[in-house]
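Colleague: I am new to reading protein models. Could you walk me through one, feature by feature?

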Amino acid sequence: ENDQLACQGCGVEIQTEDPQKQGYTPKSTLAKEDILCKRCFRLKHYNEIQDVEITDDDFLKMLTSIQEKEGLIVHIVDIFDVSGSLFSSLPRIVGNNPIILVGNKIDLLPKSTNKNRLLQWLRSSAKEVGLSVKDVSLISSTRGHGMEELVDKIETLRKGKDVYIVGATNVGKSTFINRLIKQSTGIDNVITTSYFPGTTLGFIEIPLDDSSAMVDTPGIINRQQISHYVSKKDLKIIHPTKEIKPAVYQLNAKQTLFFGGLARFDFIKGEKQSFVCYFSNHLIIHRTKLENADQLYDNHVGEMLAPPNEESLEILPKLVKNTFRISAERPTDIVIPGLGWISTSGKDVTVEVHAPQGIAVSLRKSLI
Ligand code: GDP
């Protein structure tokens with residue numbers, strides 16, 4: 001019976017069942033005196049943070065207990081999946097504490113990306129869900145772009161107080177924190193004591209100076225993230241690992257593009273023109289006639305139109321149609337969060353985008 005065991009590092013309840021979830025420790029370590037969860041163990045012995053998952057309900061409950069605390073919130077999102085990784089309940093929880101919104105993985109975007117428009121879009125995406133942010137940053141945790149500026153901003157805005165790092169699973173939160181840990185040298189004993197002794201929290205504290213800490217929180221599972229509807233193998237295909245190379249398609253009205261079997265783009269009305277597709281270089285795009293599209297999908301999803309594969313097809317929500325009439329002066333991106341986007345400079349265009357239910361397709365001013 002492990003019910004009463006708590007991690008000596010972060011206070012979370014210990015469990016031995018699920019390595020992804022918080023509080024995990026292998027059964028073999030239960031006999032030890034000072035039990036640490038896997039996350040605290042790795043931090044203590046390897047100076048390395050690993051992410052664990054938590055549902056956003058549980059996350060809300062955890063955070064309520066720090067409502068009265070003061071600190072700076074650093075909210076990391078995946079620039080490739082902004083609507084899937086923005087945590088819209090954040091303002092309710094953090095009260096008046098300032099938030100910095102950080103778009104991670106900018107190394108994946110083409111070099112010609114207009115950073116100002118990207119920042120603007122991030123800001124307006126936050127505003128749309130009612131998230132008011134003090135500052136917006138763009139970084140690459142793997143390459144280090146923008147990290148120094150961000151660290152400076154954090155130092156200024158935290159005013160000597162604690163820093164809470166918050167993000168959905170897969171946004172790169174661990175990569176970010178590990179980079180910070182490696183940058184700040186000379187920390188021997190990274191985890192201090194349980195942040196709130198006697199409570200089962202699961203926050204890990206990494207000292208910044210004598211009186212304040214950087215606090216790592218578990219990764220929030222967000223149902224709007226496409227990564228929850230595909231297998232790990234599929235994710236490797238759809239999530240770019242290198243700078244994406246745009247693919248240009250000259251389309252006539254009544255033509256369709258399939259992005260694997262995960263999304264479908266129908267050019268309904270408008271003059272012949274080019275559509276520029278920004279997706280993982282490994283995701284195969286199929287072009288077909290609109291009139292054949294339904295049948296092609298029914299017959300070939302999970303094999304020719306992949307990902308998903310036959311197995312992951314079962315967990316994929318059904319595709320639902322979003323209609324857009326675009327009559328902008330400036331080029332427009334049609335964004336499929338977690339997958340990529342299609343850019344058009346058409347002035348009078350009707351398109352229909354079929355995307356998994358729950359994935360919020362949207363428009364923005366073109367980034368390129
Ligand atoms: P966490 O779940 O938020 O802790 O995310 P991880 O740090 O485990 O990262 C999730 C995935 O995103 C891993 O495959 C990372 O290599 C990748 N990743 C993280 N940061 C970046 C980045 O700045 N650029 C790129 N291209 N990939 C990143």
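**Reading strands, domains and a ligand shell**

Modeller: Happily! Let us begin with a pair of strands: strand 6 (residues 204-207) runs antiparallel to strand 7, and four bridges join the two. Keep in mind that this is a predicted model.

Colleague: How many residues lie between strand 6 and strand 7 in their hairpin?

Modeller: Look at the stretch that links one strand to the next. Here five residues separate strand 6 from strand 7, and the two strands form a hairpin. Across the pair, P207 stands opposite A213 of strand 7.

Colleague: Which way does strand 5 run beside strand 7, parallel or antiparallel?

Modeller: Follow the direction of each chain segment. Strand 5 (residues 162-167) and strand 7 run parallel, joined by three bridges. In this pairing, V163 faces M214 of strand 7.

Colleague: Where do the side chains of strand 7 point, and are they buried or exposed?

Modeller: Check each residue along the strand in turn. In strand 7 (residues 213-216), A213 and V215 point one way, while M214 and D216 point the other way; all are buried.

Colleague: What should I look at for the domains?

Modeller: Start with their bounds, then ask where they touch. The assignment for this chain gives domain 1 as 27-222 and domain 2 as 232-365. Their C-alpha centres are 32 Å apart, and ten residues of domain 1 are in contact with ten residues of domain 2.

Colleague: Which elements give two or more residues to the side of domain 1 that touches domain 2?

Modeller: They are helix 3 (82-85) and helix 5 (115-128). Helix 3 gives the most, with three residues. Sorted by class, that side of domain 1 has five nonpolar, two polar and three charged residues.

Colleague: Which residues come nearest to the ligand?

Modeller: Here you list the shell, then pick out its closest members. There are 17 residues around the ligand, and D51, G172, K173, S174 and T175 come nearest. Helix 7 (residues 173-183) supplies the largest share of the shell, three residues. By class, the shell has two nonpolar, eleven polar and four charged residues.

Colleague: And what is the pLDDT of the chain on average?

Modeller: Read the average first, then look for weak stretches. The chain averages a pLDDT of 89, and 94% of the residues score at least 70. Over residues 193-198, though, the pLDDT is below 50, and this stretch has 13 contacts in the model beyond near neighbours in sequence. For the complex, the predictor gives an ipTM of 0.99 and a pTM of 0.91.

Methods. Residues numbered from 1 in each chain as written. Predicted model: local features only at pLDDT ≥ 70, side-chain atom pairs only at ≥ 80, totals over all residues. pLDDT = per-residue confidence, 0-100. Contact = placed C-beta atoms within 7 Å. Domains from an automatic or database assignment. Nonpolar A, V, L, I, M, F, W, Y, C, P; charged D, E, K, R; others polar. Buried ≥ 20, exposed ≤ 12 C-beta atoms within 10 Å, placed from the backbone. Pairing = 2+ DSSP bridges. Near = placed C-beta within 6 Å.
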